[in-house]
Amino acid sequence: FNRVKATERALNQRAELGQKVRIIGGDPKFIGMTGTVSLARRIRCFVDVPGFKKPVYCFTSDVELVEEASQATGTDG
């Protein structure tokens, strides 16, 4: 059931190469970590997380885009 729901949510989300993302689901070992998308597919993506040799394989619904500091505050400093 959980896998089916994750797949359904992943169909509505996109991850793009080079985006900075935070892992919010999937393997509990990686939840809360941030990394960069190294490969994006239709419903899955690979995220390069600093400190790990292999990229993390996630549903696109298990990651969220991390806003850059200047974009999040709305200031151009």
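In this predicted model, the side chains of R22 and E64 form a salt bridge, with a nitrogen-to-oxygen distance of 2.9 Å. R22 belongs to strand 1 (residues 20–23) and E64 to strand 5 (residues 63–65), so the contact ties together parts of the chain that lie 42 residues apart in sequence. With a relative accessibility of 31%, R22 is classed as partly exposed; E64 is likewise partly exposed, at 31%. The count of salt bridges in the model is 1. In general terms, side chains of opposite charge can pair when their charged atoms come close.

The two strands that carry this salt bridge take part in a sheet. Five strands make up an open sheet, ordered 4-3-2-1-5, with antiparallel pairing. Strand 4 and strand 5 occupy the edges with a single partner strand each, so one side of each has no neighbour in the sheet. From one strand to the next, the twist averages 50 degrees. Strands of a sheet pair through backbone hydrogen bonds, in either a parallel or an antiparallel manner. Strand 1 and strand 2 run antiparallel and are joined by 3 bridges. On the strand 2 side, T36 is the bridge partner of K20.

Aromatic contacts provide a further set of links. The model holds 2 aromatic pairs. In one of them, the ring centres of F30 and F52 are 5.1 Å apart and the ring planes stand at 65 degrees; since planes over 60 degrees apart count as edge-to-face, the pair falls in that class. This pair connects distant parts of the chain, 22 residues apart: F30 sits in the loop between strand 1 and strand 2 (34–40), whereas F52 sits in the loop between strand 3 (44–48) and strand 4 (56–59). F30 is buried, at 10% relative accessibility, while F52 is partly exposed, at 34%.

The pair formed by F46 and Y57 is tilted, with 4.8 Å from centre to centre and 35 degrees between the planes. Here too distant parts of the chain are linked, for F46 is in strand 3 and Y57 in strand 4, 11 residues apart. Y57 has a relative accessible area of 42% and is therefore partly exposed. A contact between a charge and a ring can also be described: R44 lies over the face of F59, at 3.8 Å from the ring centre.

The cysteines remain to be considered. A disulfide is a covalent bond between the sulfur atoms of two cysteines. The number of disulfides in this model is 0. C45 takes part in none, and the nearest cysteine sulfur to it, that of C58, is 5.3 Å away. Why is the sulfur of C58 without a bond to that of C45? The separation of 5.3 Å is too far for a bond, because a disulfide requires the two sulfur atoms to lie within 2.5 Å. Both cysteines are nevertheless classed as buried: C45 has a relative accessible area of 0%, and C58 has one of 4%.

Key:
Residues numbered from 1 in each chain as written. Predicted model: local features only at pLDDT ≥ 70, side-chain atom pairs only at ≥ 80, totals over all residues. Heavy atoms only, no water. Salt bridge = Lys/Arg side-chain N within 4 Å of Asp/Glu carboxyl O. Helix = DSSP H or I, 4+ residues; strand = E, 2+ residues; numbered from the N terminus. Buried < 20%, exposed > 50% of the residue type's maximum accessible area, 1.4 Å probe, protein only. Phe/Tyr/Trp six-rings, centres within 6.5 Å; stacked < 30°, edge-to-face > 60°. Lys NZ or Arg CZ within 6 Å of the ring centre and 35° of its normal. Pairing = 2+ DSSP bridges. Axes fitted to C-alpha atoms, helices over the stretch in contact; angles between N-to-C directions.
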